[in-house]
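Here is a short tour of a protein model, with a look at a pocket and then at a sheet. Have the structure open and follow along.

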Amino acid sequence: MKTMNKGFASALALGVALGGPVRAEDVEVLHWWTSGGEAAALNVLKDDLGGKGTGWIDMPVAGGGGEAAMTALRARVTAGDPPTAVQMLGFDILDWAEEDALADLTATATAEGWDQIVPTALQAFSTYEGKWIAAPVNVHSTNWVWISKAALDAAGGKVPETWDDLIAVMDAMKANGITPLAHGGQPWQDATVFEGVVLSLGTDFYKAALVDLDPATLGGEKMAEAFNRLLKLRTYVDDNFSGRDWNLASAMVINGEAGMQMMGDWAKGEFVKAGKVPGTDFVCIRFPGTQGAVTFNSDQFAMFAQTDPAAQDAQVQMAKAIMDPVFQSAFNVVKGSVPARTDVPDTAFDDCGKKGMKDLAEANVSGGLFGSMAHGHAAPASVKNAVYDVVTAAFNGEYADGASAATALAEAVAAAQ
Ligand code: GAL
């Protein structure tokens, strides 16, 4: 390193040594879309931009849920060298806006009428103090279960609608000799399953606990029940779950090793990439007991403020490309998510995608739409991380019972605020 020239060293740090220097008319994009399905979706965006003359410098940071990507981002910004465009979730966007680090996209948003077609629940994270600071590329939701059709048929064929149904199906799968629940023991995955359990105990409960952060609800009896349910689910997981990546858990369901996965609809991207068809090879259902409600997260691209007009223009081109309705359909069909615009037809989507769009629209009207805690849309990162800690500790049997876990959760969330 001592003899390496400074420019080359920083190009290496950027990961672009082989791709040449970043030109002002390129976008350097930090993201965590590294699984097969995610990369396929990312290519739709890359190709779209390439076709319009905007070059792409890739900065992937592996790690589902984006925690590692956010750490890498902080390091880049601290070094005075932020990437031009960054995949971000919910409260993280608002945090960067508060630090005054993001480019103002209002002129483009106004010219293109984004406020007319982006749902209000998303605008809460794409705007800050009246300015547009991010372009939403999708809406994911987390309260899904992805079930192998063959495993379900072998377990009696009844789609589980309640908690008791779910337990009965998983018991039957266990008796059939497969792992009922494919899971990856990483904090964000534990938290994704946990928020499904919380929602299954009632939308008012989810809101009071994970959105309003009400101490009595967080530490109360119903929360003890939620943790007991989580511990019950733990009994259906295989011995090697610890640290497993989410897409490897999806693969277990795809290849018949496991019965189901509780995961956001990015999992569908893996099924689709593997050539699997909803209704034939797999079944998508809402987490039993959460029908009618949706916990959402939206991937948005925020642009870090640049002074070079060519770089600013590349950012505008990227934002416009992301918001294009034709692109939103093509991208989300591959990603497993649904469009972030309300005016995109569902014609190109498979049955799970159509259901996702319908569920989202209905939950939005009925008051059943809530931000996902596990994916940064219910509370800022400090609180999210506190929830991760307790949920993961609980999943790994560190509390005597559900009641002790609930007490720990209330304490951890209070300390994080
Ligand atoms: C989510 C993100 C999705 C998906 C997932 C797994 O937080 O919104 O786009 O990629 O993480 O990496």
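The largest pocket of this predicted model has a volume of about 270 Å³. Its lining is made up of 17 residues, and those closest to the pocket centre are Pro 119, Thr 342, Met 357, Leu 360 and Ala 361. Two helices, H7 (120–126) and H18 (351–366), are the elements that give two or more residues to this lining. Of the elements, H18 gives the most, with 6 residues. Sorted by class, the lining of the largest pocket looks like this:

| Class | Residues in the lining |
|---|---|
| Nonpolar | 11 residues |
| Polar | 2 residues |
| Charged | 4 residues |

Let's move on to the sheet. Here 4 strands form an open sheet with mixed pairing, and their order is S9-S10-S8-S11. Why is one side of S9 and of S11 left without a neighbour in the sheet? Strand S9 (179–181) and strand S11 (282–286) stand at the edges and each has a single partner strand, so one side of each has no neighbour there. On average, neighbouring strands of this sheet are turned by 20° against each other, direction ignored.

Strand S8 (residues 144–148) and S11 run antiparallel and are joined by 5 bridges. If you zoom in on S11, you will find Cys 284 with Trp 146 standing opposite.

A helix also meets this sheet: H14 (residues 246–254) lies across S8, S9 and strand S10 (258–262). The helix runs at about 140° to S10.

Definitions and conventions. Residues numbered from 1 in each chain as written. Predicted model: local features only at pLDDT ≥ 70, side-chain atom pairs only at ≥ 80, totals over all residues. Heavy atoms only, no water. Pairing = 2+ DSSP bridges. Axes fitted to C-alpha atoms, helices over the stretch in contact; angles between N-to-C directions. Contact = heavy atoms within 4.5 Å. 1 Å grid on protein atoms, 1.4 Å probe; cavity = no way out; pocket = protein on both sides within 12 Å on 5 of 7 lines; lining within 4 Å. Points joined across faces, edges and corners; volume = space filled by probe spheres on them. Nonpolar A, V, L, I, M, F, W, Y, C, P; charged D, E, K, R; others polar.
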